[in-house]
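Visitor: I would like a close look at one part of this chain. Please take the nonpolar patch on its surface and explain what makes it up and how it differs from what lies inside.

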Amino acid sequence: MAPNLVLTIIGSILILVGIIFNVIPKLVNEKIMGQLPKEAVGISALFRVVLGGLAIAIGTIALYGRHLPVEHAGHLLFSMGSGFVIVILTLISGKLRGFDDEIPIPPIILFTLLTILAYSSS
């Protein structure tokens, strides 16, 4: 797949996720983590908004990078794929380190697909 198309896809997905995280952070937290104690609702929503902002930032980098020459776009995609692998590993490490009993499957699936897209086009 052409690097500029993959950067457009990755950028659009990340920006969409970031917007959702910013618009309805409490609902997203409830769907992901279930009912939280009242004291945790606000701070967890704040963290979700921050994660949304980071997703928008990385998505914006991808969208701006789609106009790079193919060789440079390939380097950007390889870098993004490597970053996505780090995200997957940190999600898995949460269980290994005892922070939660479960591994969060939806973000692992999302970042695995983004990793495959990025590496296959880099």
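**The nonpolar surface patch**

Guide: Leu-27, a member of the patch, lies in helix α2, which covers residues 25-33. The model is a predicted one, and α2 has the lowest mean pLDDT among the elements of the chain, 90. The mean for the whole chain is 94, and 100% of its residues reach 70 or more.

The patch itself has an area of about 520 Å². Leu-27 shares it with Leu-16, Ile-19, Ile-20, Val-23 and Ile-24. Helix α1, residues 3-23, supplies four residues, the largest share of the patch. That helix has the highest mean pLDDT among the elements, 97.

How exposed is Leu-27? Its relative accessible area is 41%, so Leu-27 counts as partly exposed. The cut-off matters here: a residue is called buried under 20% and exposed over 50%, and partly exposed in between.

Now to the inside. Helix α1 also gives two or more residues to the largest nonpolar core, as do α4 (70-96) and α5 (105-121). This core has 16 residues, and α4 provides the largest share of them, six. The members that touch the most other members are Leu-7, Ile-10, Met-80 and Phe-84.

Ile-10 gives a detailed example. With neighbours within four places in sequence left aside, Ile-10 is in contact with Met-80 and Phe-84, and also with Ala-62, Leu-77, Leu-114, Leu-117 and Ala-118.

To sum up, α1 contributes the largest share of the surface patch and also two or more residues of the core.

Terms used. Residues are numbered from 1 along each chain as its sequence is written. This is a predicted model: local features need pLDDT of at least 70, side-chain atom pairs count only at pLDDT 80 or more; totals for chains, interfaces and linings use all residues. Side-chain values use heavy atoms; hydrogens and water are left out. Patches are made of residues with over 30% relative accessible area and no salt bridge: like charges are joined within 9 Å, nonpolar side chains (Val, Leu, Ile, Met, Phe, Trp, Tyr) within 5 Å. Accessible areas come from the Shrake-Rupley method with a 1.4 Å probe; for residues, only the protein chains shown count as cover. A salt bridge is a side-chain nitrogen of Lys or Arg within 4 Å of a carboxyl oxygen of Asp or Glu. Buried means under 20% relative accessible area, exposed over 50%, partly exposed in between (1.4 Å probe, protein chains only). A nonpolar core is a set of buried Ala, Val, Leu, Ile, Met, Phe, Trp, Tyr and Cys residues joined through side-chain atoms within 4.5 Å. Contact means heavy atoms within 4.5 Å. pLDDT is the predictor's confidence in each residue, from 0 to 100.
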